[in-house]
Amino acid sequence: MSGVQSQHGTDLAQRRAISRLRGEPAPSVAAASAGHYAGLVTRTLALALDALIIDGVALLVGLGVGLGVSLLHLPHDVDVVIAAALGAAYVAWTVGYFVFFWSSTGQTPGNRVMCIRVIDMRNRGPLKPRRALVRFIGLILAALPLLAGILMMLWDDRRRCLQDRLARTVVFYTDVPA
Amino acid sequence: MTSPRSLFDAATQLATAPLRVAAYAGREARDTAKVAQEAILATGEQAFFALLDAVVTKMMEDQVIDRVLERAEAAGVAQRVVDRVLEDGVIEQIAERVLSGPEIERIVAAGFRSALPEEVIEQLLASEAVWILVDEIARSPSVTEAIAHQGTGFLEQVAGKARDRSRRADTRVQRLAQRLGRHGREDADTGRAGISPSPQIPGGDVR
């Protein structure tokens, strides 16, 4: 068992013991862990903020390039090539954004605002770039089947989505002591 | 024919004539004395002021006042007076009286009622030095830091509110999902119990 899992188990046992002493019903596994792991709404808001930043920057760059190209009166084929290059740059920018932040501090700007952090379950630190890339691919896969891969966190004791299971990560609240 | 009453009146007039003459003479004498007294007073006053004027002129010409002040200064009179005033707490008493009394308030109120404040502000706004001072203050690190801190403080406040609400929403959504999951499991269990696929035989196991 990893360090995170053992810590989680100890904490859950403590909560259940306290509940028994107080005469309250014992909390379920998922409810007990809710205080540490970031939930659906918080993570959705963080992702929305990140999307805002990514799309905002992409929009500004696209507008700048588009205005420049419109002044040059380039042939249609060149326009298509530029559009394709911009599309590829957009994808690279999006992937690079998440991979960079997840693998450096574990927090994208959206995560930072919402005070949550992605960590590797094994070393309790930031992800390696390869694992961050796996997590990003997992995020897309999780969203494809009508967000089922994301909504599965609602029934997970550590609030893990598909991308978390694939990359072996968890998302913590940074301002709640674990 | 002369009546007795007119005879009596004439006799009375005649008898009191000396008295009336004496009264008239007395009044005249009194008025004359008053006029003489006023004339003497005016003359005396003129003489006194002329003398005073001459004395002051003489003092000024001979620099008497300067010499007196020099002597007083040499003797340390002014210092002694100041020391005495300060030791006795006269200054404190005056300050306390002025500050506690309504005079200051009246003076300030009168100052604000007058056109003085507007003129002062107009003069200030027209002064280039004031704007240079304002620019310097606005550019100072402490002010810029305070403004930046205020901006980030507001954003942090908004983010904090959003975080609090999202945490509560996290818990609610999770609870709702678990309730739905529990209902689904109960329904499935109930369905399986109703079908009863494996009847139990006492004393033995069918499998």
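Tutor: Helices and strands are taken here as DSSP runs, helices of at least four residues and strands of at least two, numbered from the N terminus. The model under discussion is predicted.

Student: In what order do the elements of chain A run from the N terminus on?

Tutor: Chain A holds 8 helices and 2 strands. Read from the N terminus, its elements follow the order α-α-α-α-α-β-α-α-α-β.

Student: Of the contacts in chain A between residues at least 6 apart in sequence, what percentage join residues at least 24 apart?

Tutor: Chain A has 178 residues, of which 29% count as buried. For contacts between residues at least 6 apart in sequence, the share that joins residues at least 24 apart is 65%.

Student: Which element gives the most to the largest nonpolar core of chain A?

Tutor: In general, nonpolar side chains of soluble globular proteins tend to be buried together. The largest nonpolar core has 19 residues, and A38(A), W102(A), M114(A), I116(A), V171(A) and F172(A) touch the most other members. At least two residues of this core come from each of α3 (40-72), α4, α5 (109-114), β1 and β2 of chain A. The element that gives the most, with 4 residues, is β2(A).

Student: How many residues does the second, separate core have?

Tutor: This second core is separate, and its members include L40(A), M153(A), C161(A) and L162(A). The number of its residues is 8.

Student: Which residues of β1(A) point to one face and are buried?

Tutor: In a regular strand the side chains alternate between the two faces of the sheet. The side chains of β1(A) alternate too, and R117(A) and I119(A) point to one face and are not buried. Pointing to the other face, and buried, are I116(A), V118(A) and D120(A).

Student: Which residue of β2(A) is the bridge partner of I119(A)?

Tutor: The strands β1(A) and β2(A) run antiparallel and are joined by 5 bridges. Within β2(A), the bridge partner of I119(A) is V170(A).

Student: Is V170(A) buried or exposed?

Tutor: V170(A) lies in strand β2 of chain A. A residue counts as buried if 20 or more other C-beta atoms lie within 10 Å of its own. V170(A) has 23 other C-beta atoms within 10 Å, and therefore V170(A) is buried.

Student: How far apart in space, C-alpha to C-alpha, are V170(A) and A38(A)?

Tutor: In sequence, V170(A) and A38(A) are 132 residues apart. In space, their C-alpha to C-alpha separation is 8.5 Å.

Student: What span should helix α6 of chain A have at 1.5 Å a residue?

Tutor: Helix α6 of chain A covers residues 129-143, which makes 15 residues. The expected span is 1.5 Å times one less than the number of residues. The end C-alpha atoms of the helix are 21 Å apart, which agrees with the expected span of 21 Å.

Student: Around the axis of α6(A), what arc do the buried residues cover?

Tutor: An α-helix has 3.6 residues a turn, so residues three or four places apart point the same way. The buried residues of α6(A) are R131(A), A132(A), R135(A), L139(A) and A142(A). They lie on the same side of α6(A), because the arc they cover is only 100 degrees.

Student: Which elements of chain A do the buried residues of α6(A) pack against?

Tutor: On the other side of α6(A), R130(A) and I140(A) are exposed. The buried residues of α6(A) pack against α4 (76-104), β1 (116-120), α7 (148-151), α8 (162-167) and β2 (169-173).

Student: Is L147(A) buried or partly exposed?

Tutor: L147(A) is in the loop between α6 and α7 of chain A. Although it is not a glycine, L147(A) has a positive phi of about 65 degrees. With 14 other C-beta atoms within 10 Å, L147(A) is partly exposed.

Student: What is the count of buried residues in α2(B)?

Tutor: Chain B has 8 helices and 0 strands. Of its 207 residues, 2% count as buried. Among the 11 residues of α2(B), the count of buried residues is 0.

Student: Where in chain B is Q63(B)?

Tutor: Q63(B) is not a glycine, although its phi is positive, about 55 degrees. It counts as exposed, with 11 C-beta neighbours inside 10 Å. Its place is in the loop between α1 (4-61) and α2 (64-74).

Student: How many charged residues are on the side of chain B that touches chain A?

Tutor: The contact takes 13 residues from chain A and 13 residues from chain B. By class, the side of chain B has 5 nonpolar and 5 polar residues, and the number of charged residues is 3.

Key
Residues are numbered from 1 along each chain as its sequence is written. Chains are lettered from A and ligands numbered from 1 in the order in which they are written. This is a predicted model: local features need pLDDT of at least 70, side-chain atom pairs count only at pLDDT 80 or more; totals for chains, interfaces and linings use all residues. Two residues are in contact if their C-beta atoms, placed from the backbone, lie within 7 Å. Ala, Val, Leu, Ile, Met, Phe, Trp, Tyr, Cys and Pro count as nonpolar, Asp, Glu, Lys and Arg as charged, and the others, Gly among them, as polar. A residue is buried if 20 or more other C-beta atoms lie within 10 Å of its own, exposed if 12 or fewer, and partly exposed in between; C-beta atoms are placed from the backbone. The arc is that of the directions from the helix axis to the C-beta atoms. A nonpolar core is a set of buried Ala, Val, Leu, Ile, Met, Phe, Trp, Tyr and Cys residues joined through C-beta atoms within 7 Å. Two strands pair if DSSP finds at least two bridges between them.
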